[in-house]
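Me: I am new to reading protein models, and I would like a close look at a single part of this one. Could you take me through the helix that gives the most to the shell around the ligand, and through what lies around it?

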Amino acid sequence: MNFGTVTPDLNEQIAVKTITPIQKAKLNPKSLRLAINAQCYDCIYDKSEQGTWRQQVEACPSANCPLYCHRPKSNSLSEAA
Ligand code: SF4
């Protein structure tokens, strides 16, 4: 097997998985969903804290925020519901 040809593909896969919600929103600037996701990510996500960005946003305590009802939820809880 030629590992020289495998490495670039693996790097591309890793790059796709690590794109942030802000970067996703910039790639699709007409998407309201992606804009809200990006705003909430930018507002509350702290990578030094526990949980994924979606889990941290879902745990947002600011019920008075206009985006609160539209904030993204974590995938694991959405699938379980
Ligand atoms: S819903 Fe919470 S995380 Fe999202 S913008 Fe409002 S305060 Fe920030």
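Reply: Let's begin with a term we will need: two residues are in contact if their C-beta atoms, placed from the backbone, lie within 7 Å. Please also keep in mind that this is a predicted model.

The helix you are asking about is helix 3, residues 32-44, which gives four residues to the shell around the ligand. It belongs to a chain with five helices and zero strands, so the pattern along the sequence reads α-α-α-α-α. Helix 3 is a good place to look, with the highest mean pLDDT among the elements of the chain, 98.

You can check its length yourself. Helix 3 has 13 residues, and at 1.5 Å a residue they should span 18 Å; the end C-alpha atoms are 18 Å apart, so the two agree.

Now for the inward-looking question: which residues of helix 3 are buried? They are Asn37, Cys40 and Tyr41. These three cover an arc of only 100 degrees around the axis, which means that they sit on the same side of helix 3. Among what covers them are helix 2 (21-27) and helix 4.

Next, the ligand. Its surroundings include Gln39, Cys40, Cys43 and Ile44, and further along the sequence Val57, Cys60, Ser62, Cys65, Leu67, Tyr68 and Arg71. Sorted by class, this shell has eight nonpolar, two polar and one charged residues. Notice that Cys40 appears in the shell and also in the list of buried residues of helix 3.

Arg71 is worth a stop of its own. Its place is in the loop between helix 4 (53-58) and helix 5 (75-80). Arg71 counts as buried because it has 20 C-beta neighbours inside 10 Å, and 20 or more is what the term asks for. Leaving out residues up to four places away in sequence, Arg71 touches Ile36, Cys40, Val57 and Cys60. As for Tyr41, Arg71 is 30 residues from it in sequence, yet their C-alpha atoms are 9.5 Å apart in space.

Finally, a look at the whole chain. Of its 81 residues, 11% count as buried. The average pLDDT is 85, and 72% of the residues score at least 70. Helix 5 has the lowest mean pLDDT among the elements, 55. Where pLDDT is low, the predicted coordinates should not be read in detail.

Methods:
Residues are numbered from 1 along each chain as its sequence is written. This is a predicted model: local features need pLDDT of at least 70, side-chain atom pairs count only at pLDDT 80 or more; totals for chains, interfaces and linings use all residues. A residue is near a molecule or strand if its C-beta atom, placed from the backbone, lies within 6 Å of it. Helices (H or I, at least four residues) and strands (E, at least two) are DSSP runs, numbered from the N terminus. Ala, Val, Leu, Ile, Met, Phe, Trp, Tyr, Cys and Pro count as nonpolar, Asp, Glu, Lys and Arg as charged, and the others, Gly among them, as polar. A residue is buried if 20 or more other C-beta atoms lie within 10 Å of its own, exposed if 12 or fewer, and partly exposed in between; C-beta atoms are placed from the backbone. pLDDT is the predictor's confidence in each residue, from 0 to 100. The expected span of a helix is 1.5 Å times one less than its number of residues. The arc is that of the directions from the helix axis to the C-beta atoms.
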